Amino acid sequence: GTRIIYDRKFPLECKNSPVARTLPCCLPQIPGVTSLAQSSLVKLGELKEQNESEEAVPDQDQFEMDI
């Protein structure tokens, strides 16, 4: 057989093409491999809720001072 030899520029340009960034149509949903794991999604939701609850609490002084 014959070998096709590409210069470095061609594969680097192909890396950014829309076809290279599109997932195959029949790709199975495997948590943690082809999609985020369910536990990761739960953790992301918990972190968002925690950040929202921290923002809802007004800023309090670090120390109380008796004058």
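Which residue does Lys9 form a salt bridge with, and how far apart are the closest N and O atoms? The partner is Glu13, and those two atoms sit 3.9 Å from each other. Keep in mind that this is a predicted model.

## The chain at a glance

Start with the overall layout. The chain has three helices and zero strands, so along the sequence it reads α-α-α. There are 67 residues in the chain, and buried ones make up 1% of them.

What about the surface? The chain exposes about 7100 Å², with carbon and sulfur atoms supplying 56% of that area.

## A salt bridge in helix α1

Back to Lys9 and Glu13. Both belong to helix α1, which covers residues 9-15, and they are four residues apart, or about one turn of the helix. Their 3.9 Å contact counts as a salt bridge because the cut-off is 4 Å between a Lys or Arg side-chain nitrogen and an Asp or Glu carboxyl oxygen. The count for the structure comes to one salt bridge.

Are these two residues buried or exposed? Lys9 is exposed, at 55% relative accessible area, while Glu13 is partly exposed, at 47%.

## Aromatic rings and a nonpolar patch

Helix α1 also holds Phe10. This residue is partly exposed, with a relative accessible area of 39%. Together with Ile4 and Tyr6, Phe10 forms a nonpolar patch on the surface, and the three share about 350 Å² of accessible area.

Two members of that patch turn up again when you look for aromatic pairs. A search of the whole structure finds one such pair. It is made by Tyr6 and Phe10, whose ring centres are 5.0 Å apart. Their planes meet at 20°, so the pair is stacked; planes have to be under 30 degrees apart to earn that label.

## Cysteines without a disulfide

How many disulfides does the chain have? The count comes to zero. Take Cys26 as an example: the closest cysteine sulfur to its own is in Cys25, 3.5 Å away. That is too far for a bond, because a disulfide needs the two sulfur atoms within 2.5 Å.

Cys26 is exposed, with 70% relative accessibility. Cys14 is another cysteine to look at, and this one is partly exposed, at 32%.

Notes:
Residues numbered from 1 in each chain as written. Predicted model: local features only at pLDDT ≥ 70, side-chain atom pairs only at ≥ 80, totals over all residues. Heavy atoms only, no water. Helix = DSSP H or I, 4+ residues; strand = E, 2+ residues; numbered from the N terminus. Buried < 20%, exposed > 50% of the residue type's maximum accessible area, 1.4 Å probe, protein only. Patch = residues over 30% accessible without salt bridge, like charges linked within 9 Å, V, L, I, M, F, W, Y side chains within 5 Å. Areas by Shrake-Rupley, 256 points an atom, 1.4 Å probe, with all protein chains shown as cover. Phe/Tyr/Trp six-rings, centres within 6.5 Å; stacked < 30°, edge-to-face > 60°.
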